[in-house]
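Colleague: I have a protein model open beside its sequence, and I would like to learn how to read it. Could you take me through it feature by feature?

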Amino acid sequence: MKGIEHCIGKRRALAAALLFSCLAVPLEASADDIEVYLSAPASLPRPNVLFLLDRSGSMSLKAEGKFPRWGEQSRMDQLGSSMQTILTNEELYNINAAILSYTGTLDDDKRVYLTVEHDFVDASIADNRTSLIRAVNALKPFGSTPTANALKEAVSWMQGLDPYISPGQYQCQENRIILLTDGLANYSDYSENPFDKSQECDDGYPFYSVEKDKEWYENLDGICSKEIIATGYTTDIRTSGTDIEGNPWDGLQNVITDTIGFYTSVIPHAENFLREIVKGQNGTLDDATPSEGGFYTANSVNDLVQAFS
């Protein structure tokens with residue numbers, strides 16, 4: 001895929017020392033071991049980072065899965081604390097940031113709620129950072145975890161599909177989705193659920209086939225979510241015209257997705273899902289080749305800060 005290599009090579013030359021430029025990254029890491037690099041150096045345009053946040057009912061619990069007592073933080077409170085730390089650190093906030101939250105109903109209707117909590121803004125501006133932090137702190141958790149719907153919406157936003165406008169303005173600007181969830185993907189109106197035996201996906205996502213001979217508990221690769229992420233990675237956001245500086249849109253302007261499992265260490269199926277769906281974000285869509293997107297774990301506010309920052 002020549003277009004992919006063009007932007008990988010350009011960003012690599014400009015920022016070879018950075019962990020999350022277009023260099024390949026580990027398939028899996030703990031937040032204690034590695035950090036998701038967000039901020040751009042002066043030689044690169046600010047990355048566009050869409051925080052895709054799970055606000056399902058379990059985010060109202062504390063670490064060990066119980067409801068917090070007075071003065072104790074829920075998982076959602078911890079998420080707010082970590083975002084405040086990130087967005088008040090001048091070494092980390094050199095990004096264009098937006099927030100999309102997701103949840104759904106716990107009934108047969110499988111109603112999905114995808115909410116733009118904050119549009120893209122320059123997070124290096126103090127008022128914008130305050131607004132982003134306020135948006136996270138206002139999140140009220142309830143309901144289910146329709147992760148495939150959320151990923152499709154996030155990729156659509158980054159690609160500029162109706163009704164969204166793509167945040168991409170510069171050639172080879174990094175466009176990144178960071179999904180944070182604390183539980184199993186469920187109640188989606190896709191059959192992406194890793195526990196769904198059929199695992200069918202829309203015809204528009206052609207990359208992966210289904211191993212129907214496996215038992216439900218063996219087939220944990222979240223086919224449809226993986227398809228959506230692969231489509232974001234391989235689809236060119238800009239195919240004509242010039243960027244904001246008048247440069248042609250050479251190479252592939254694509255979307256990279258990372259996943260963070262928040263208190264998912266006690267839910268192996270959830271971690272398998274989050275780990276598998278980000279594999280293959282490389283020039284060959286080969287799971288065995290290092291992926292530009294990674295899976296990370298977090299079990300505290302400090303872990304989240306490291307994973308996000």
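Modeller: Gladly! Let's begin with the vocabulary: helices (H or I, at least four residues) and strands (E, at least two) are DSSP runs, numbered from the N terminus. Along the sequence, this protein then reads α-β-β-α-β-β-α-α-β-α-β-α-β-α, with seven helices and seven strands in its secondary structure. Before going on, note that residues are numbered from 1 along each chain as its sequence is written, and that side-chain values use heavy atoms, with hydrogens and water left out. This is a predicted model, where local features need pLDDT of at least 70 and side-chain atom pairs count only at pLDDT 80 or more, while totals for chains, interfaces and linings use all residues.

Colleague: How do I read the pLDDT, and what is its average here?

Modeller: pLDDT is the predictor's confidence in each residue, from 0 to 100. The protein averages 78, and 74% of the residues score at least 70. Over residues 30-37 the pLDDT is below 50, although this stretch has 27 contacts in the model (heavy atoms within 4.5 Å) beyond near neighbours in sequence. Residues 190-200 also have a pLDDT below 50, with 42 contacts beyond near neighbours in sequence.

Colleague: What share of the residues is buried?

Modeller: Buried means under 20% relative accessible area, exposed over 50%, and partly exposed in between (1.4 Å probe, protein chains only). Of the 309 residues in the protein, 53% are buried. As for contacts between residues at least 6 apart in sequence, 70% join residues at least 24 apart.

Colleague: Let's look at a strand. How many residues of β5 are buried?

Modeller: The general idea helps here: in a regular strand the side chains alternate between the two faces of the sheet. Strand β5 covers residues 175-181, and seven of its seven residues are buried. On one side these are N175, I177, L179 and T181, and on the other R176, I178 and L180, so both faces are covered.

Colleague: Which strands pair with β5?

Modeller: Two strands pair if DSSP finds at least two bridges between them. Strand β2 (residues 48-54) runs parallel to β5, joined by six bridges, and L50 stands opposite I177. Strand β6 (residues 256-262) also pairs with β5 in the parallel sense, over six bridges. There, R176 stands opposite I256.

Colleague: R176 has come up twice. Which residues are linked with R176 in a network of salt bridges?

Modeller: A salt bridge is a side-chain nitrogen of Lys or Arg within 4 Å of a carboxyl oxygen of Asp or Glu, and the structure holds nine. E174, R176 and D258 form a linked network of them. Within this network, the side chains of E174 and R176 meet at 2.0 Å, N to O. R176 is buried, because its relative accessible area is 2%, and E174 is buried too, at 9%.

Colleague: Where do the partners D287 and K226 lie?

Modeller: Their side chains meet in a salt bridge at 3.1 Å, N to O. This pair links distant parts of the chain, 61 residues apart: D287 is in the loop between α6 (268-277) and β7 (295-298), and K226 is in helix α5 (residues 223-234). D287 counts as partly exposed because its relative accessibility is 28%, whereas K226 counts as buried at 3%.

Colleague: And what is the distance in the salt bridge between E72 and K62?

Modeller: The closest N and O atoms are 3.0 Å apart. E72 and K62 are ten residues apart, in the loop between β2 and α2 (75-87). E72 is partly exposed at 33% relative accessibility, while K62 is buried at 11%.

Colleague: Loops puzzle me. Is T145 buried or exposed?

Modeller: T145 sits in the loop between α3 (126-137) and α4 (147-159), and T145 counts as buried because its relative accessibility is 4%. Leaving out residues up to four places away in sequence, T145 touches D54, S56, Y102, T181, L184, A185 and N186. G143 lies in that loop between α3 and α4 as well, but G143 is partly exposed, with a relative accessible area of 23%. Beyond its neighbours within four places in sequence, G143 is in contact with S56, G57, T103, G104 and L106.
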